[in-house]
Amino acid sequence: MAEPTRDGWQRVDAYLSDLLVGHDDALESAIADQDAAGLPSIEVAPLHGKLLHLLARIAGARRVLEVGTLGGYSTIWLARGIPADGVVVSIEAEARNAGVARASLERAGVAHKVTVLEGRAADVLPTLADDDAFDLVFIDADKESNTIYLDWAARLGHPGTVVVLDNVGRSGGVADPASDDAQVIGTQRALEMLARDPRFDATALQTLDRKGWDGIAVALIL
């Protein structure tokens with residue numbers, strides 16, 4: 001078996017994306033607007049977005065929580081995976097990002113299913129405690145706060161809620177016990193929490209796609 005190279009895995013990613021995702025005007029426009037606004041290019045890859053969409057459908061999710069909206073790309077995928085009367089609550093710390101996301105959600109025809117809340121997620125999450133439980137939680141925000149977000153995912157979910165934690169590979173850095181990178185350390189602590197906290201049963205996969213070498217963790221709330 002050949003060793004992976006960047007050219008090789010990007011070629012495979014393009015092949016799979018073209019075959020299984022294809023082209024979508026609303027999604028591609030969301031990325032274009034995000035780039036034009038100067039937002040960082042850290043949205044999920046198309047195949048990852050499709051995975052979120054399918055997980056929402058597999059879970060039969062009606063209420064979805066997203067921590068980290070950015071430009072709304074993953075939010076569109078999630079909103080498309082829930083019923084017409086379903087709800088996605090997405091939390092975004094930056095007002096400019098939230099504005100870009102709202103415009104993209106409107107153009108994609110899913111704005112009626114999405115509420116974008118502005119503010120630091122650690123401050124916003126406690127305000128959701130009296131709402132109905134969430135069926136799927138997608139965490140893709142500052143890695144240093146991952147354990148806070150996982151704790152709230154467990155509090156705001158229910159037995160059977162699916163939790164997806166993004167960017168767990170960190171280009172291999174997650175396996176370095178001596179790392180002094182705050183994002184790597186935050187990711188390591190989150191994975192340790194998923195392994196040891198009795199509220200979760202989890203696994204993780206490293207990924208190679210157009211975004212590089214990374215990974216995702218998927219957990220079930222028990």
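R57 is found in helix α3 of this predicted model. With a relative accessible area of 52%, R57 counts as exposed, because the cut-off for that class is over 50%. Along the chain, R57 and L117 are 60 residues apart, and their C-alpha atoms are separated by 23 Å.

Attention turns next to charged side chains. Side chains of opposite charge can pair when their charged atoms come close. In this model the count comes to eleven salt bridges. One of them joins the side chains of D33 and R107, with 2.8 Å from N to O. D33 belongs to helix α2 (residues 25-36) and R107 to helix α5 (residues 95-107), so this contact ties together parts that lie 74 residues apart in sequence. D33 is partly exposed, at 31% relative accessibility, and R107 is partly exposed as well, at 41%.

Helix α5 also supplies a partner for strand β3. R102 forms a salt bridge with E118, and the closest N and O atoms are 2.9 Å apart. Here R102 sits in helix α5 and E118 in strand β3 (residues 114-118), so the pair links distant parts of the chain, 16 residues apart. Both ends are partly exposed: R102 has a relative accessibility of 36%, and E118 has one of 42%.

A further salt bridge involves two loops. K211 pairs with E43, the closest N and O atoms being 3.3 Å apart. K211 is in the loop between β6 (200-209) and β7 (212-221), while E43 is in the loop between α2 and α3 (46-58), so the contact ties together parts that are 168 residues apart in sequence. What sets the two ends apart is their cover: K211 is partly exposed, with a relative accessible area of 36%, whereas E43 is buried, at 12%. The value for E43 falls in the buried class because that class takes in residues under 20% relative accessible area.

Salt bridges also occur as a network, in which D151, R155, D197 and R199 are linked. One member of this network, D151, is among the buried residues of helix α7. That helix spans residues 146-156 and is mostly covered, with eight of its eleven residues buried. Besides D151, the buried set holds N146, Y149, L150, W152, A153, A154 and L156.

The same region brings in an aromatic ring. R155, which takes part in the network with D151, D197 and R199, lies over the face of W152 at 4.5 Å from the ring centre. W152 itself is buried. A second arrangement of this kind involves R63, whose charged end sits over the ring of F134, 4.5 Å from its centre. As for rings paired with other rings, the structure holds zero aromatic pairs.

Finally, a nonpolar patch on the surface is formed by V12, Y15, L16, L19 and L20. Together these residues have about 490 Å² of accessible area. L16 has its place in helix α1 (residues 6-20). An α-helix has 3.6 residues a turn, so residues three or four places apart point the same way. At 30% relative accessibility, L16 counts as partly exposed, because that class covers values between the buried and exposed cut-offs of 20% and 50%.

Note on methods
Residues numbered from 1 in each chain as written. Predicted model: local features only at pLDDT ≥ 70, side-chain atom pairs only at ≥ 80, totals over all residues. Heavy atoms only, no water. Patch = residues over 30% accessible without salt bridge, like charges linked within 9 Å, V, L, I, M, F, W, Y side chains within 5 Å. Areas by Shrake-Rupley, 256 points an atom, 1.4 Å probe, with all protein chains shown as cover. Salt bridge = Lys/Arg side-chain N within 4 Å of Asp/Glu carboxyl O. Helix = DSSP H or I, 4+ residues; strand = E, 2+ residues; numbered from the N terminus. Buried < 20%, exposed > 50% of the residue type's maximum accessible area, 1.4 Å probe, protein only. Phe/Tyr/Trp six-rings, centres within 6.5 Å; stacked < 30°, edge-to-face > 60°. Lys NZ or Arg CZ within 6 Å of the ring centre and 35° of its normal.
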